[in-house]
Structure formats: C-alpha cells, structure tokens
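Me: Please take a close look at one part of this structure, namely how its strands pair. Please set out the details in connected prose.

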Amino acid sequence: MKVAIFGQYYQNDTRPIIKDIFVFFNRNNVEMVIEEKFLKILYEEKIVEKQYNTFSSHHDLDKSFDILISIGGDGTILRAATFVRDSGIPILGVNAGRLGFLAKVQKENIESFLQIVLEKKYTITERSLLTMECTPSLSQIDINFAMNEVSVSRKDTTSMITIETFLNGEYLNSYWADGLIIATPTGSTGYSLSCGGPILTPDVKALVITPIAPHNLNARPLVIPDDTEITLKVSGREEQYLVSLDSRITSVNNNAVLKIKKTPFHINMVEIPEETFFKTLRNKLLWGEDKRN
C-alpha cells in the first residue's frame, strides 16, 4: 500500500496522533510519502527521524497512491483536496481539530480505523465541487475550485451589496445583503449552515444558495439542482467586493460577472462504517441531547 500524508501541526495535541499513524504504517510496511512542508515541521519538532519521500504539488500524486491521510481539521481536508484534485485518490481525515464534519477518524480510535484502511474495508463517497468563471478574468486565483462553497461579500464597508442572481440565465432575485453563499452538500454543514442554510446529505445532487444577513427577511435559502449554472452580478458603494473559494479570497471589481457551476470531477472521501454522516450530525450538532427526548 502507498499512502500520501498531509497535515497541520497543532503542537502537543497533534504529536501523539502523528506518532500513532507513523508507527502503525511503519509496522505494517506501508509506503508513506509526506507533504514537504509538513515533513519539515515533523523533523524540526523531532516527531519523526526516518527519511521519507515527499510531495509538494498535485503533479506529484498519481494513480499509484491508494489513499491520502489528512491530519488536522476540516480546513486541512480542504487544503488536501487542492493536492488531490482530479486524480481520484481518496482522502481520509484524522481529526486533530475541533468540530470535524469531514475529519471522521477520532484520535481515540486511530489504530482500529487505520486497520480498516489497511484492509480496504471502507466505502467511498463522491463530493461535488464548484468552479467559478469571472468576466473580466481574474489572475489572482490559481486554484479555481471549491469543495465547500463560493461566496461573495462586502469589502471595506459596512454597507450592504446588491447581488443580482440568475439561474441558467433566468433572473432569480437581487439579494440586498452582506453577501451570498453558494454551497455544495459538503459545504452545507459549514458557513451556509451558520447563516441559516439547510443541511444536505453528501449524496444529494443539489446546491444551496444562502444569503448572508439579508435586508429582506423573506429572502430565504434556496436548494437547486447541482447542474444549474449560477450567474452573479454584484454592485455596491465600494469599487470592489470579496470572492472566496473555500479559504482562498480575492477582490473583484463591481459589475464583474461571475459564473459558478459544478466541476466535471469530484473528490473521493473515505467513509468508515462506524462513522456515518448521520452519526456525525448527532455527535457534532448534539442532536438528541435535549433531556426531554
């Protein structure tokens, strides 16, 4: 088995997790290839001493890899996806962060879950992505896809912006708000959820349009088919507004036209039988914790 490892180092909280993973894979003669910057930190912190091969970009990952292990939180998985891209390499998240909707493996159960990985007794879910086209074009965004959401928001002002929204060329609405979120099913448990958007299960073929603090209270989140092309025209008092693809943010001039649609490829996420999506919802959102239930 050949495994790529990418991670974030969170000082003492992460150290035992990293050690357990390396000990397990070395004991089972698994070939590990480590992301270059992450491995440098591990050497500096003296967490590992053995020499490993490294990768530094998506060009270094090919079909010879069985899986990518992401050590960190959900944000780490979003960054790991920028390495995997359209290679089809499945990602398994080991949660060393906080909430962890995507990072399913908890530190208390690492060895038992890694054994499942070793025996390939897991399933795969396909996570859809969004891509954006801007007219006039943008040169600041080098990775033009988002696993969670594409969002537009106001910049350098407390005034709201106006977001004219079209679905497959048909006018939908002009949102007068702090911004607008276009979320995938994966992103429906993130920023969109905090703004009142619905939760979608990962296998739903849909997107969510969620306004951010809309002035009109009847402007509610909307679920649409994921093959819809969404066009946005944003205007406001300032000359520019912000566009983000997951954590990557850039400034866009007023009246530029954004076209958002699903990418032709997807990200494969590893699903462990004991850690289902609905179990994650119960644990992370504390469903059923009300003592009246």
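Reply: Two strands pair if DSSP finds at least two bridges between them; strands (E, at least two residues) and helices (H or I, at least four) are DSSP runs, numbered from the N terminus. This is a predicted model, in which local features need pLDDT of at least 70, side-chain atom pairs count only at pLDDT 80 or more, and totals for chains, interfaces and linings use all residues. Residues are numbered from 1 along each chain as its sequence is written, and side-chain values use heavy atoms, without hydrogens or water.

A suitable place to begin is strand 9, which covers residues 161-167. Strand 9 pairs with strand 10, residues 170-177, in the antiparallel sense, and 7 bridges hold the pairing. Two residues of strand 9 show how the pairing with strand 10 is laid out: Thr162 has Trp176 as its bridge partner, and Glu164 stands opposite Ser174. The hairpin formed by strand 9 and strand 10 has 2 residues between the strands. In this hairpin, Asn168 takes a positive phi near 50°.

Strand 9 is also joined to strand 14, residues 230-235. Here 6 bridges are found, and strand 9 and strand 14 run antiparallel. Within this pairing, Phe166 of the strand numbered 9 has Thr231 in strand 14 as its bridge partner. Strand 9 thus has bridges to strand 10 as well as to strand 14. As for exposure, strand 9 is mostly covered, with 5 of its 7 residues buried; the term buried applies under 20% relative accessible area, exposed applies over 50%, and partly exposed lies in between (1.4 Å probe, protein chains only).

The next topic is an open sheet. This sheet is formed by 6 strands, which follow the order 13-12-11-8-15-16 with antiparallel pairing. Strand 13 (222-225) and strand 16 (248-253) stand at its edges; each has a single partner strand, so one side of each lacks a neighbour in the sheet. Within the order given, strand 8 is followed by strand 15. Strand 8 (residues 149-153) and strand 15 (residues 240-245) form an antiparallel pair over 4 bridges. In that pair, Val152 stands opposite Val243 of strand 15.

Strand 11 (179-183), also a member of the sheet, leads to a loop that lies between this strand and helix 5 (191-194), and Thr184 is found in that loop. Thr184 is buried, because its relative accessible area is 0%. Its contacts (heavy atoms within 4.5 Å) can be listed by leaving aside the neighbours within four places in sequence: Thr184 then touches Ser128, Leu129, Leu130, Ala146, Met147, Asn148 and Leu207.

Strand 5 and helix 3 complete the account. Gly93 has its place in strand 5, residues 91-95. Gly93 counts as buried because its relative accessibility is 1%. When neighbours within four places in sequence are left aside, Gly93 is in contact with Ser70, Ile77, Ala103, Lys104 and Val105. Between Gly93 and Asp178 the separation is 85 residues in sequence and 32 Å in space, taken from C-alpha to C-alpha.

One of the contacts of Gly93, Ile77, is among the buried residues of helix 3. Helix 3 covers residues 74-84 and is mostly covered, since 8 of its 11 residues are buried. The buried residues of helix 3 are Thr76, Ile77, Leu78, Ala80, Ala81, Thr82, Phe83 and Val84. Just after helix 3 comes Arg85, where the backbone takes a positive phi of about 50°.

To return to the pairings, strand 9 is bridged in the antiparallel sense to strand 10 and to strand 14, whereas strand 8 and strand 15 pair with each other as members of the open sheet.
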